[in-house]
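Student: I am new to this structure. Please pick one part and take me through it closely.

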Amino acid sequence: MTLHAIRHIVFLILGFVMAIPAMAVSLDLKPAEPSGSLLLVPEKESMHLAYINTWQPALPSMSGPVVEEEVPLYIDDMISHAKEFLGLRYRRGGKTPKGFDCSGFTGYLFSQFGMKLNASSRSQYLQGDAVDEGMMRPGDLVFFSGRRGGTKTVGHVGMVVEIHGDGTFSFIHSATSSGITISHSLEPYYKSRYMGARRVTQ
């Protein structure tokens with residue numbers, strides 16, 4: 001082996017020996033400072049975990065709109081029966097299908113469903129429970145002042161058949177001019193004479 005070859009081998013060995021400390025340093029397991037891109041990943045994961053751990057289902061509010069009282073099923077039958085008399089003539093003091101006055105009609109109608117009403121509209125106004133305008137429902141009795149008694153005396157009665165979305169109502173009654181008919185609470189004659197509502201149905 002020549003001297004030149006021996007020198008070459010020695011240089012290789014020395015180079016390898018010198019490289020060992022550098023390799024050891026590069027293999028040091030001390031955690032390095034994460035780069036900006038690596039730092040975002042755990043942050044996003046922690047944000048998602050925090051969201052999952054703190055999420056709660058939205059519960060319905062306990063202070064929502066009040067549910068309207070359920071209307072008894074027989075009220076629909078009562079209204080349908082009342083409409084069978086549409087067009088029947090008004091008869092003063094009448095209490096039979098031959099002809100009705102206002103209180104005779106409501107009294108007859110309610111009697112067909114097992115409820116007894118007093119004879120006159122004024123005395124029917126004393127029955128049942130008073131109902132605020134916003135709480136009315138089909139089947140309630142509605143009262144108006146009459147032609148003769150002035151604006152403070154009950155003189156007419158009808159039965160609510162429909163409540164409209166704006167809070168107004170339609171009612172069926174026996175009117176002196178048209179007999180059994182359906183009128184609206186906003187008709188000027190009845191709007192100016194409305195006195196209140198009563199509930200005798202359960």
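Tutor: Start at Met159. This is a predicted model. Not counting residues up to four places away in sequence, Met159 touches Met78, Ile79 and Ala82. Its contacts also include Leu109, Phe110, Gly139, Asp140, Leu141 and Val142. Ser170, Phe171 and Ile172 are touched by Met159 as well.

Now widen the view to the largest nonpolar core. This core has 22 residues. Met159 is among the five that touch the most other members, along with Phe105, Phe110, Leu141 and Ile172. Helix H3 (74-83), H4, E4 and E5 each supply at least two residues of the core. H4 gives the most, with five residues. Such grouping fits a broad pattern: in soluble globular proteins, nonpolar side chains tend to be buried together.

Apart from this core lies another one, of ten residues. Val142, Phe144, Val160 and Ala197 are among them. Val142 is also on the contact list of Met159.

Next, turn to the largest pocket. The volume of this pocket is about 670 Å³. It is lined by 25 residues, and Tyr90, Gly146, Arg147, Gly155 and His156 are the closest to its centre. Elements that give two or more residues to the lining include helix H4 (102-111), strand E4 (141-145) and strand E5 (154-163). Helix H5 (121-124), strand E6 (169-175) and helix H6 (188-191) do so too. E5 provides the largest share, three residues. By class, the lining has seven nonpolar, 13 polar and five charged residues.

Terms used:
Residues numbered from 1 in each chain as written. Predicted model: local features only at pLDDT ≥ 70, side-chain atom pairs only at ≥ 80, totals over all residues. Heavy atoms only, no water. 1 Å grid on protein atoms, 1.4 Å probe; cavity = no way out; pocket = protein on both sides within 12 Å on 5 of 7 lines; lining within 4 Å. Points joined across faces, edges and corners; volume = space filled by probe spheres on them. Helix = DSSP H or I, 4+ residues; strand = E, 2+ residues; numbered from the N terminus. Nonpolar A, V, L, I, M, F, W, Y, C, P; charged D, E, K, R; others polar. Core = buried A, V, L, I, M, F, W, Y, C linked by side-chain atoms within 4.5 Å. Buried < 20%, exposed > 50% of the residue type's maximum accessible area, 1.4 Å probe, protein only. Contact = heavy atoms within 4.5 Å.
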